[in-house]
Structure formats: C-alpha cells, structure tokens
Amino acid sequence: MDQKLEFAERLRHAMVAAGLEPRPGVLLSLFNAQYWGRSVTFQAVSRWMRGQSIPGQDKLLVLAEVLKIEPEVLRFGEGIRQSLTERKQRWDLDVERFGQVLDRGSRTLARLVELSTDESTETAE
C-alpha cells in the first residue's frame, strides 16, 4: 500500500481511538487550536485524511499530541515501535561489549606498566 494511504488510515484510526469523528472539519479545528504556525486549510487536512499527502514533521508532532499517540507510530505505524526496541537492544549490547573490551584493555595496560616498572627497578639495583 502507498505510504500516504497508510498514513491516512492510521490518522483516521487515531482519531477514532481518541473519541473523535474521523472528519476533516473535526481535525482542522483541533489542529489549528494547538498549532503554533500558520493555520492549515480544510483542503490540507482533507488531503492528509484521503491519503494524498503526509504532513511535515512540525505538523505531525502537533497531530500526535492532539490525538495522544506517539509521532513515530502515527507516521510509520506500530511496526516502528518493535524496530526501535530491537535497535536499542542491539545498541545496549554493543555498548556493554565495548565496555568489556575497554576494561580488558585497561587491565592489560596496567599490567604492562607494572611489569615495566618492575624491570626498571631491577636494572637500577
């Protein structure tokens, strides 16, 4: 399915989940009451809801706030949540492994310094 159509479907679903009738006029009023920029037109909201366009990031953030949904879920769907969770888990694992490597390296370096200090002390005697 087209990304714009998928977005429109998520937008309508989010409106219903928020207890709103999925009509452009309803969303227009709520959106323009919250948006800090220039008001959007009825036609713009209609295009979002018909799957003809996707709002920019600034407008998406306001839509998500009005509809009480995460902006990334509104824009990309529920699948993004799982993807982000998996990426964070991989990141955390990599950071943990990197910390272990650094720890081993620090211990090795400390041991080398200790050995070189011991050798210096022996040759001085």
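How many salt bridges does the structure hold? The structure holds four. This is a predicted model, and the tour below goes through three of those salt bridges, then the aromatic residues, the nonpolar core, the largest pocket and two residues of helix α6.

**Stop 1: Glu-21 and Arg-23**

Select Glu-21 and Arg-23 and show their side chains. The two form a salt bridge, and 3.4 Å separates the closest N and O atoms. Glu-21 has a relative accessibility of 47%, so Glu-21 counts as partly exposed. Arg-23 is also in the partly exposed class, because its relative accessibility is 44%. As a general point, side chains of opposite charge can pair when their charged atoms come close.

**Stop 2: salt bridges in helix α6**

Move to helix α6, which covers residues 79-124. Select Asp-103 and Arg-107. Their closest N and O atoms are 3.5 Å apart, and the two residues form a salt bridge. Both belong to helix α6 and are four residues apart, about one turn of the helix. Asp-103 is partly exposed, because its relative accessibility is 42%.

Next, select Arg-111 and Glu-114. Here the side chains meet in a salt bridge with an N to O distance of 2.5 Å. Where do Glu-114 and Arg-111 sit relative to each other in helix α6? They are three residues apart, so about one helical turn separates them. Glu-114, with a relative accessible area of 42%, is partly exposed. Arg-111 is partly exposed as well, with a relative accessible area of 41%.

**Stop 3: the aromatic residues**

Select Phe-31, Tyr-35, Trp-36 and Trp-48. These residues form one aromatic cluster. How many aromatic pairs does a search of the whole structure find? The search finds three.

Keep Phe-31 and Tyr-35 in view. Their rings make a stacked pair, with 5.0 Å from centre to centre and 25 degrees between the planes. Are Phe-31 and Tyr-35 buried or exposed? Both are buried.

Now swap Tyr-35 for Trp-48. The ring centres of Phe-31 and Trp-48 are 5.5 Å apart and the planes stand at 75 degrees, so this pair is edge-to-face. Phe-31 is in helix α2 (residues 24-34) and Trp-48 is in helix α3 (residues 42-50), so the pair ties together parts that lie 17 residues apart in sequence. Trp-48 is buried, as is Phe-31.

**Stop 4: the largest nonpolar core**

Leave Trp-48 selected and add Leu-11, Leu-27, Leu-63 and Leu-74. These five have the most contacts inside the largest nonpolar core, which has 20 residues. Colour the helices that contribute: α1, α2, α3 and α4 (57-67) each supply at least two residues of this core. Which helix gives the largest share? That helix is α4, with six residues. In general, nonpolar side chains in soluble globular proteins tend to be buried together.

**Stop 5: the largest pocket**

Select the residues that line the largest pocket: Arg-10, His-13, Ala-14, Ala-17, Ala-18, Leu-67, Lys-68, Ile-69, Val-73, Leu-74, Gly-77 and Glu-78. Two elements, α1 (3-17) and α5 (71-76), give two or more residues to this lining. Helix α1 provides the largest share, four residues. By type, the lining has seven nonpolar, two polar and three charged residues. Leu-74, already selected at the previous stop, appears both in this lining and among the core residues with the most contacts. The space in the largest pocket comes to about 150 Å³.

**Stop 6: Thr-117 and Asp-118**

Return to helix α6 and select Thr-117, which has its place in that helix. Thr-117 counts as partly exposed because its relative accessibility is 42%. Draw a distance from the C-alpha atom of Thr-117 to that of Asp-92. The separation is 37 Å, for residues 25 apart along the chain.

Finish with Asp-118, also found in helix α6. Its relative accessibility of 37% is why Asp-118 counts as partly exposed. What separates the C-alpha atoms of Asp-118 and Ala-14? The distance is 70 Å, and the two residues are 104 residues apart along the chain. Ala-14 is one of the residues lining the largest pocket, which takes the view back to the previous stop.

Terms used: Residues numbered from 1 in each chain as written. Predicted model: local features only at pLDDT ≥ 70, side-chain atom pairs only at ≥ 80, totals over all residues. Heavy atoms only, no water. 1 Å grid on protein atoms, 1.4 Å probe; cavity = no way out; pocket = protein on both sides within 12 Å on 5 of 7 lines; lining within 4 Å. Points joined across faces, edges and corners; volume = space filled by probe spheres on them. Nonpolar A, V, L, I, M, F, W, Y, C, P; charged D, E, K, R; others polar. Buried < 20%, exposed > 50% of the residue type's maximum accessible area, 1.4 Å probe, protein only. Phe/Tyr/Trp six-rings, centres within 6.5 Å; stacked < 30°, edge-to-face > 60°. Core = buried A, V, L, I, M, F, W, Y, C linked by side-chain atoms within 4.5 Å.
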